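Here are a few exercises to work through with the model open on your screen. Try each one yourself before reading the solution.

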Amino acid sequence: MTDSPSEPAPYKGREIPIEIEIVSDDEMALLETALTTAAARVSLAGKALLPPVFQRSARSIGSVAALSKRRPPGCSEPDLEDFGNRDGAPAAKDGNAAAPAFLDRFRRKKGLSVTDITGAEWCEKQMEFVLLSGKRKTTKAMKAGSARHEKLEQEFVQKVKVRIKSKEDGCATRFLNFITGAHQLLFEGFTRELPITCFLEDAWVKGVIDEVRMPVNGTERNPILVDIKTRVRNSLPSEPQRRNGRFQLMCYKHMWDKSVGENFPTKQFFDYYNLNPYHILSEDIRDIAANAGLPAENLNEILRYYTNTCSMLPKANDQLILRYELQKDHSVLGEDWFTFDPDWSLDEIRTRLEFLRGEREATYTPKQERWKCSFCEFASVCPARAIDAATSGSADFHQGSTYS
């Protein structure tokens with residue numbers, strides 16, 4: 001852990017306008033269902049200025065920073081103590097069977113999440129069990145982390161509900177969330193819960209960045225990406241946990257830089273998700289977009305605003321921040337300031353995508369990190385321990401690349 005001379009002062013106590021926010025309550029499910037009704041949460045607005053390209057019919061605008069169910073809302077990848085041993089996990093696959101293409105089986109309609117990739121870095125076999133069982137049980141610690149993130153977000157927004165009537169509405173909401181969250185960053189220097197969608201290494205990947213802030217030293221303009229981890233214990237996490245958190249932020253850095261530095265593959269996006277770019281958005285969504293100075297009738301028009309916004313943004317800072325907080329009182333345990341490693345992180349992404357695409361079988365966590373199994377809910381049905389006993393420690397487990 002190191003202290004940075006450019007670390008910004010705390011935001012607590014600052015007067016920050018409450019602005020518009022659209023939040024899809026079950027956005028991931030919207031991409032699986034052609035027609036559904038879901039609740040999305042919206043905050044009512046204070047005023048902010050739009051860049052000139054967005055000033056047509058502008059009345060007010062603010063942050064539209066989405067919460068989506070890429071994990072318990074607002075909660076970072078859970079710490080190892082959040083898990084416990086329990087039975088009822090799916091039966092293990094035959095080691096000789098063909099590797100399943102999990103991306104096609106479970107993520108074809110909605111795309112991958114960043115936590116699918118980082119979960120595979122933690123343990124591919126555990127990720128296989130999670131995908132086959134459908135979900136991971138939410139623990140008290142995970143709920144506490146979610147509640148903390150909700151509270152942090154409420155410092156900036158006040159939520160109400162709006163109807164989402166189609167998957168095009170859901171996608172439009174996500175892109176509107178990014179657009180106005182980016183405006184909040186540009187004009188106020190800070191935003192939270194920023195959704196990001198990217199075509200990364202030939203896969204559609206989505207995630208939500210906990211916090212993005214502009215440097216305060218006055219000379220640097222590259223935004224800093226921050227992830228907030230809550231801890232049950234009054235201690236900093238183990239190195240494998242810290243490595244996994246760093247990897248998560250590096251994934252977001254790759255996605256941010258690709259989003260602002262390359263043209264968004266609009267047609268490929270529409271085709272992959274089977275979206276109608278000219279489907280008329282719901283009245284609620286059209287009204288909210290118009291009130292934010294983004295008049296649009298369909299998803300294609302929303303994406304034009306999105307690509308214009310991306311063109312105004314600089315690449316993310318190479319300095320990334322992991323902040324650890326104690327759950328019981330929200331005190332800061334420490335901040336891990338580290339430098340982006342593009343080669344290691346990209347190699348790690350490709351390695352985990354090999355597994356998720358079914359190009360090879362899931363591997364087990366390396367032997368020196370097999371202590372993770374004591375906190376895994378699938379330990380009772382996982383063959384890792386049986387393999388250890390049978391090979392007497394001679395097994396050569398694939399570990400992927402390493403980073404510290």
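**Exercise 1.** Which residues do ring pairs link into a cluster?

Solution. Keep in mind that this is a predicted model. Start with the overall count: the structure holds 19 aromatic pairs. Then follow the links from ring to ring. Joined in a cluster you get Phe175, Phe178, Phe199, Trp204, Trp256, Phe264, Phe269, Phe270, Tyr272, Tyr273 and Tyr306.

**Exercise 2.** Classify the pair formed by phenylalanine 175 and phenylalanine 264, then work out what the pair ties together.

Solution. Step one is geometry: the two ring centres are 5.8 Å apart, with 80 degrees between the planes. Planes over 60 degrees apart count as edge-to-face, and that's the label this pair gets. Step two is location. Phenylalanine 175 belongs to helix H6 (residues 167–188), while phenylalanine 264 is in the loop between helix H7 (239–261) and helix H8 (266–273), so their contact ties together parts 89 residues apart in sequence. Step three is burial, where the cut-off is under 20% relative accessible area. Phenylalanine 175 comes in at 3%, so it's buried. Phenylalanine 264 has 14%, so it's buried too.

**Exercise 3.** Now do the pair of tryptophan 204 and phenylalanine 264: is it stacked, edge-to-face or tilted?

Solution. The centres sit 5.6 Å apart and the planes make an angle of 55 degrees, so you'd call this pair tilted. Next, place the residues: tryptophan 204 is in strand E6 (residues 203–213) and phenylalanine 264 in the loop between H7 and H8, so this pair ties together parts 60 residues apart in sequence. Finally, check burial: with 2% relative accessibility, tryptophan 204 is buried.

**Exercise 4.** Find the rings that the charged ends of arginine 108 and lysine 372 sit over.

Solution. Take arginine 108 to begin with: its charged end is over the ring of tyrosine 272, 4.1 Å from the ring centre. Tyrosine 272 should look familiar, since it's in the cluster from Exercise 1. For lysine 372, the ring is that of tryptophan 122, and the distance to its centre is 4.1 Å.

**Exercise 5.** Describe the second largest cavity and its lining.

Solution. A search of the whole structure turns up 8 cavities of 30 Å³ or more. The second largest has about 140 Å³ of space. Count its lining and you get 16 residues, with Cys123, Gln126, Cys373, Cys376 and Cys382 nearest the centre. Helix H4 (124–133) and helix H12 (384–391) are the elements giving two or more residues to this lining; H4 gives the most, with 3. Sorted by character, the lining has 10 nonpolar, 2 polar and 4 charged residues.

Notes. Residues are numbered from 1 along each chain as its sequence is written. This is a predicted model: local features need pLDDT of at least 70, side-chain atom pairs count only at pLDDT 80 or more; totals for chains, interfaces and linings use all residues. Side-chain values use heavy atoms; hydrogens and water are left out. Rings of Phe, Tyr and Trp (its six-membered ring) pair if their centres lie within 6.5 Å; planes under 30 degrees apart count as stacked, over 60 as edge-to-face and the rest as tilted. Helices (H or I, at least four residues) and strands (E, at least two) are DSSP runs, numbered from the N terminus. Buried means under 20% relative accessible area, exposed over 50%, partly exposed in between (1.4 Å probe, protein chains only). A charge sits over a ring if NZ of Lys or CZ of Arg is within 6 Å of the ring centre and within 35 degrees of the ring normal. On a 1 Å grid over the protein atoms alone, a cavity is a set of points where a 1.4 Å probe fits but cannot get out, and a pocket is an open set with protein on both sides within 12 Å along at least five of seven lines; lining residues have an atom within 4 Å of a point. Grid points are joined across faces, edges and corners, and a volume is the space filled by probe spheres set on the points. Ala, Val, Leu, Ile, Met, Phe, Trp, Tyr, Cys and Pro count as nonpolar, Asp, Glu, Lys and Arg as charged, and the others, Gly among them, as polar.
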